[in-house]
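Here are a few worked exercises to try with the structure open next to you. Have a go at each task before reading its solution.

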Amino acid sequence: MLILVASVAMTSCVQDDDYTIPSSLGDEENKALTLLLETGNELSFAEVKALYQGGEFIDPEDTNVYVKGYVSSSDQTGNFFKEFFIQDSPTNPTSGLKVILNQVDTYNQFNLGREVYISLQGLYIGEERVGNGVITIGGGTETDQYGTTVTSLNEIQIRQKVLRSSVTETITPLNIGLTAINGDHVGLLVKVDNVEFADDEVGLANDPIGLNYFDPTETFDTKRTLQDCSGFEYSQFILETSSFASFKNEELPDKNGSITAVVSKTFDGASLILALNSTDDVDMKNPRCTLLDIEDFDVVFNEGFDNGLGDWEVINTLGTQEWYASSYQGEGYVRGSAYDDGDILEMISWLISPSIDFDANENERLILHVADAFSNGQPLKAYYSNDYVSGTNPDDATWIEIGASEIATLPENTGFFNNVYDATGLINISMIEGDAVLAFVYDSDDASISSTLDLSNVQILAQ
């Protein structure tokens, strides 16, 4: 009889095997959220981050503000500990924030996609560790010889300040390439396609034995290397796994595919990393990729400016300084500089190519040959457009930036009087379709950059 009664009781607790997190929040939390929405003012993520002034306190007497976000991380597998991230939108997010709290198994309460409202009155905005660059919401501060940092929210603060709505959204990961991930993406759930773990980690190099997500000789975290070979050499990024992760002993997949993870930073903040919510977010079942071979490519476009600007246009959208054609010892180039008679001037000048048919070839790569002097910053930006109309204002067209990382790594103060130019890396422009123009923009950044820049050659390689 006891067994029969127990079985009836157990089957009555859950109907249809539904173990989902309940949407009912209870009267206390609903009332607190309703009051916050009626009396408080919402801040954007950018406004919250701007509050950080070395960990300064938000005045509880004068400030009744809150921030709304969607949970992007989960500690269900143990890969996150006493923390979770929120992002500003469930789709196409632009910013993330970290929340540290003295609570484990937060996924039961702050589940992935949950809409949360955090009352900032009396809380702190800062860094959990000095200089790591991860803006964090905490419940207090502590100061040591290195500076002031935020500390975890306590149980009362969690209950009173971190309020859930009944909404749980499906988080659509931000689709992004390895090389495009930067500090602005910390806290966001992202998806990276066409990636794989490094050869020497999956038993394809010198060691025939593949590795697991976690190295048992490590104490806290293990770093594994993700790579993509969409170009002529590998781009790499770190995947970090905690010693407490339930999947730590799983073997790394040896194929190619996609990975969905949260952008974070190493403990010291020195490097960006990806951190998994679960290995369910690793989908690598495709054959490993193959690097492109430069020998398979031909130069299909080459502009050396030996005959001046030719069919290229120069249009200014700010200031009077502009790109102009010149030469030195027979080497043609176009020069841009925001420096004039001791002053740095406002300057946005567009150098726009003639129309190019990008359907005529495949796997196009762009190379720029650049020299500079008197450098105090990088003013060069590169774009393409499919709807620019020759002779019109470039601001009226749609432009997509290309080559930001390759241009950013060009050396400074190389000099240009010896006809030695530095080449960018191979900039991937294979995504461009149809007829399009390229544009190279000198932007003095509100008269803060005056570097003299020479562009001597624009080449497109393709198969």
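## Exercise 1: the disulfide

Cys229 counts as buried, because its relative accessibility is 6% (buried is under 20% relative accessible area, exposed over 50%, partly exposed in between, with a 1.4 Å probe and protein chains only). Before going on, note that this is a predicted model, where local features need pLDDT of at least 70, side-chain atom pairs count only at pLDDT 80 or more, and totals for chains, interfaces and linings use all residues. Residues are numbered from 1 along each chain as its sequence is written, and side-chain values use heavy atoms, with hydrogens and water left out.

Task: which residue does a disulfide join to Cys229?

Solution, step by step:
- Take the cut-off: a disulfide is a pair of cysteine sulfur atoms within 2.5 Å.
- Apply it: Cys229 is joined to Cys289, with an S to S distance of 1.7 Å. The structure holds one disulfide.
- Place the ends: Cys229 sits in the loop between strands E13 (221-228) and E14 (235-242), while Cys289 sits in the loop between strands E17 (282-286) and E18 (298-303), so the pair links distant parts of the chain, 60 residues apart (strands, E, are DSSP runs of at least two residues, helices, H or I, of at least four, numbered from the N terminus).
- Check the cover: Cys289 is partly exposed, at a relative accessible area of 24%.

## Exercise 2: following the salt bridges

Task: find which residues are linked with Glu128 in a network of salt bridges.

Solution, step by step:
- Set the rule: a side-chain nitrogen of Lys or Arg must lie within 4 Å of a carboxyl oxygen of Asp or Glu. The count comes to nine salt bridges.
- Start with Lys98: its side chain meets that of Glu128 at 2.8 Å, N to O. Lys98 is in strand E4 (residues 96-100) and Glu128 is in the loop between E6 and E7, 30 residues apart.
- Compare the cover: Lys98 counts as buried at 6% relative accessibility, whereas Glu128 counts as partly exposed at 23%.
- Add Arg129: its closest N and O atoms with Glu128 are 3.8 Å apart. Arg129 counts as partly exposed at 23% relative accessibility.
- Put it together: the network links Glu83, Lys98, Glu128 and Arg129.

## Exercise 3: a bridge from a strand to a loop

Task: is Glu196 buried or exposed, and which residue is its salt-bridge partner?

Solution, step by step:
- Look at the area: Glu196 is buried, because its relative accessible area is 1%.
- Find the partner: Glu196 pairs with Arg288, and the closest N and O atoms are 3.4 Å apart.
- Locate both: Glu196 is in strand E12 and Arg288 in the loop between E17 and E18, 92 residues apart along the chain.

## Exercise 4: positive phi outside glycine

Task: what is the phi of Asn194, and what is that of Ala447?

Solution, step by step:
- Read Asn194: phi is near 55°, a positive value in a residue other than glycine. Asn194 lies in strand E12 (residues 189-197) and is exposed, at 54% relative accessible area.
- Read Ala447: phi is positive at about 60°, again without being a glycine. Ala447 lies in the loop between strands E31 (435-443) and E32 (452-462) and is partly exposed at 25%.
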